[in-house]
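Visitor: Hey, I've got a new structure to look at and could use a hand. Can you walk me through it?
Guide: Sure, let's put it on the screen.

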Amino acid sequence: MPISGCTTITYCLDRNDLITHVNSAWADFALANDAPDIARRVVGTDLWRHLSGEEVIAFYHDLMAHVRRTGQVFSLPFRCDAADVRRQMRLTIEPLHEGGLFFESRTLSEIPRRALHLFDTTVPRTEEVAPLCVMCQRLQNGDWRDADQYASRMGWTVRSNTPKVTHRVCERCQSLSPAARAVSMIPKIPLFERS
Ligand SMILES: [Zn+2]
């Protein structure tokens with residue numbers, strides 16, 4: 001069952017990127033999004049164990065290094081969909097003493113949708129691979145496309161056709177990183193793309 005709006009999940013890292021604290025909403029959020037393995041015993045683990053994909057890791061490295069280097073808060077929008085809801089959120093990273101970091105992910109809005117098997121971690125996968133941007137939740141096939149539209153076109157609305165997902169960060173979302181912002185204009189990202 002998806003969380004309701006206005007939920008805010010938080011966690012803290014120490015200077016070595018070990019998770020030192022998660023709030024109760026964080027565990028609830030992981031459970032609601034079919035990730036009970038993450039919710040258990042997460043405190044004391046390394047953040048990087050919970051991220052996958054070369055671009056995703058590089059993106060987070062960039063964000064965290066920027067906040068630690070400048071001592072300034074950094075914030076950016078992202079999508080965190082579940083199977084039956086499109087969810088717009090905002091990530092804010094604040095510096096803490098001695099190199100620690102405070103992460104806050106606040107839910108801004110949710111739109112229910114017909115369940116998309118691609119975002120249901122309990123659904124078996126075919127050998128096909130679907131690159132997914134972890135920040136905007138679009139899928140790549142040449143261009144980056146809205147997940148609902150692309151899944152429908154590819155026949156992935158049929159449960160037995162559900163492909164594996166690999167985590168990426170698309171070029172548009174990479175342009176939101178502090179390093180990219182330093183050299184270019186910030187593009188506007190719509191809350192939800194519509195057909
Ligand atoms: Zn993206």
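Guide: One term before we start: strands here are DSSP runs of E at least two residues long, numbered from the N terminus. Also keep in mind that this is a predicted model.

Visitor: Okay. How many helices and strands are in the protein chain?
Guide: The protein chain has six helices and nine strands.

Visitor: Which strands does a hairpin join through five residues?
Guide: That hairpin links strand 3 with strand 4. Strand 3 covers residues 74–79 and strand 4 covers residues 85–95; the two run antiparallel, with six bridges joining them.

Visitor: And what is the bridge partner of F74?
Guide: F74 has I93, in strand 4, as its bridge partner.

Visitor: What about strand 7 and strand 8, how many residues sit between them?
Guide: Just one residue separates them in their hairpin. G142 is in that turn, with a positive phi of about 80°. Strand 7 (residues 138–141) and strand 8 (residues 143–146) run antiparallel and are joined by four bridges. L139 is opposite R145, which belongs to strand 8.

Visitor: Switching topic: which residues in the largest nonpolar core touch the most other members?
Guide: Those are L63, I93, L118, C133, V169 and C173, out of 30 residues in that core. You've met I93 already, as the bridge partner of F74.

Visitor: Which elements each supply at least two residues of this core?
Guide: Helix 3 (54–70), strand 4, strand 5 (101–112), strand 6 (129–133) and helix 4 (147–154) each do. Helix 3 gives the most, with five residues.

Visitor: Why would nonpolar side chains be buried together?
Guide: In soluble globular proteins, that is simply how nonpolar side chains tend to end up.

Visitor: Back to L118, what is it in contact with?
Guide: If you skip neighbours within four places in sequence, L118 is in contact with A130, A147, A151, W156, T162 and V165.

Visitor: How much of the protein chain is buried?
Guide: Buried residues are 25% of the 195 in the protein chain. As for contacts with a separation of 6 or more, 62% are between residues 24 or more positions apart.

Visitor: Last one: what pLDDT does the protein chain average?
Guide: The average is 85, and 84% of the residues score at least 70. Residues 1–5 have a pLDDT below 50, and that stretch has 13 contacts in the model beyond near neighbours in sequence. Residues 184–188 are also below 50, with five such contacts.

How values were computed: Residues are numbered from 1 along each chain as its sequence is written. Two strands pair if DSSP finds at least two bridges between them. A nonpolar core is a set of buried Ala, Val, Leu, Ile, Met, Phe, Trp, Tyr and Cys residues joined through C-beta atoms within 7 Å. A residue is buried if 20 or more other C-beta atoms lie within 10 Å of its own, exposed if 12 or fewer, and partly exposed in between; C-beta atoms are placed from the backbone. Two residues are in contact if their C-beta atoms, placed from the backbone, lie within 7 Å. pLDDT is the predictor's confidence in each residue, from 0 to 100.
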